[in-house]
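Q: I'm new to this one. Please pick a single part and take me through it up close, along with whatever sits around it.

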Amino acid sequence: NPNLVIETIIKQKDVVVVTPQVNTNVFYNNGKSQISGLAVGVKPDEANLMYDIKSFMVEGNFDLLKSNPNGIVIGSGISDKMNLRINDNLNLTSSKGINRTFKVIGIFKTNNSNTDKSKSYINISAAQQLLKQGSSYITDINVNIKDPENAEIVSARISEITGYKAEDWVQANEQLKTAFKIRAIILNAVIGVILLVAGFGIYN
C-alpha cells in the first residue's frame with residue numbers, strides 16, 4: 001500500500017516533499033539506433049519540487065509532461081546520440097518486452113554524462129504500463145527533508161515506522177564520499193611536498 005506509506009512519511013516533521021516513482025530499464029529505439037537506459041516514471045509537479053528538473057531543461061517544457069501521457073523528457077546525451085529533437089518520436093522497449101512510442105517534449109542537461117546519456121522522465125502511469133503493472137505499483141519513494149545533515153536520523157525513523165529500508169544520501173553516496181576523502185589526502189600530500197621543497201630552496 002504505497003499510498004499509506006507516503007501518507008505516513010509526509011506526517012513526519014522534518015519532511016518537506018514525498019514523491020513516488022517507477023524505475024524501468026529500457027531500450028531507446030530510433031530507426032536503426034538503439035541504446036539502453038533508465039526511464040523514470042514520475043508525478044511531474046512532485047518530481048520537480050524534489051529535483052528542480054526545470055532548472056536543467058535546455059529545450060522544451062517539462063510541464064507538458066502533466067498533460068501528455070505519451071510525452072518523454074530525455075537527457076541531452078540521448079538526444080545527441082540518437083539525433084532527436086522536440087516533437088520527434090522515440091520508441092521504448094521495456095524489460096517486459098512492451099513497446100511504446102513517446103513524443104519528445106523536453107531535453108535536459110545535468111552535466112553528469114552518465115545521467116544525460118541514459119536517463120529520461122515519463123509519466124508514472126506510462127512506466128507502470130511498460131512493466132505490466134497496475135496503478136499501485138511503485139519501485140521507489142523519494143523523500144526531501146529540511147536539513148540534509150539529519151538524513152541518517154530521519155531515514156532510521158522512516159524505516160522503523162514503515163517497515164521498509166530507507167537509505168539516506170550519505171549511504172547512497174558512500175563511494176563518492178570515499179573518493180573525495182582520498183583526493184583530499186593526495187592533494188594535501190602534494191601541497192606538503194611542494195612547501196617542503198620550496199622551504200629547502202629558500203633555506204639554501
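**A helix and its surroundings**

A: Helix H6 has its buried residues covered by, among others, H1, S8 and H7 (contact means heavy atoms within 4.5 Å; helices are DSSP runs of H or I with at least four residues, strands runs of E with at least two, both numbered from the N terminus). Keep in mind that this is a predicted model, where local features need pLDDT of at least 70 and side-chain atom pairs pLDDT 80 or more, while totals for chains, interfaces and linings use all residues. Numbering starts from 1 along each chain as its sequence is written, and side-chain values use heavy atoms, leaving out hydrogens and water.

H6 is made of 12 residues and spans 16 Å from first C-alpha to last, close to the expected 16 Å (1.5 Å times one less than the number of residues). Which of its residues are buried? They are Ala-151, Val-154, Ser-155, Ile-158 and Thr-162 (buried is under 20% relative accessible area, exposed over 50%, partly exposed in between, with a 1.4 Å probe and protein chains only). Look down the axis of H6 and these fall within an arc of 100°, so they line one face of the helix (the arc is taken over directions from the axis to the C-beta atoms). Flip to the face turned away from that buried side and you find exposed Glu-152, Ile-153 and Glu-160. Right after H6 comes Gly-163, with a positive phi of about 85°.

H6 (151–162) also gives two or more residues to the lining of the largest pocket, as do H1 (2–10), S1 (15–30), H2 (44–51), S8 (140–145) and H7 (169–172). A pocket here is an open set of points on a 1 Å grid over the protein atoms alone where a 1.4 Å probe fits, with protein on both sides within 12 Å along at least five of seven lines; lining residues have an atom within 4 Å of a point. This pocket holds about 1,100 Å³ of space, counted as what probe spheres set on the points fill. Of its 32 lining residues, Ile-141, Asn-142, Val-143, Ala-166 and Glu-167 lie nearest the centre. S8 gives the largest share of the lining, six residues. By class, the lining has 17 nonpolar, 11 polar and four charged residues.

Now for H2, another helix in that lining. Its buried residues are Pro-44, Ala-47, Asn-48 and Met-50. Viewed down the axis of H2, they fall within an arc of 160°, so they line one face of the helix. Their cover includes S1, S2 (33–42), S7 (119–123) and S8.

Tyr-51 belongs to H2 and is partly exposed, at 34% relative accessible area. Leaving aside residues up to four places away in sequence, Tyr-51 touches Gln-21, Phe-56 and Asn-142. Tyr-51 also helps line the second largest pocket, alongside Ile-53, Phe-56, Phe-108, Thr-110, Thr-115, Lys-119 and Tyr-121. That second pocket has a volume of about 250 Å³. Across it in the list, Thr-110 is 59 residues from Tyr-51 in sequence, and 11 Å away C-alpha to C-alpha.

One last stop: H2 is followed by Asp-52, in the loop between H2 and S3 (57–60). Asp-52 has a positive phi of about 55° although it is not a glycine. Most residues other than glycine have a negative phi. Asp-52 is partly exposed, with 41% relative accessible area.

Notes
Nonpolar A, V, L, I, M, F, W, Y, C, P; charged D, E, K, R; others polar.
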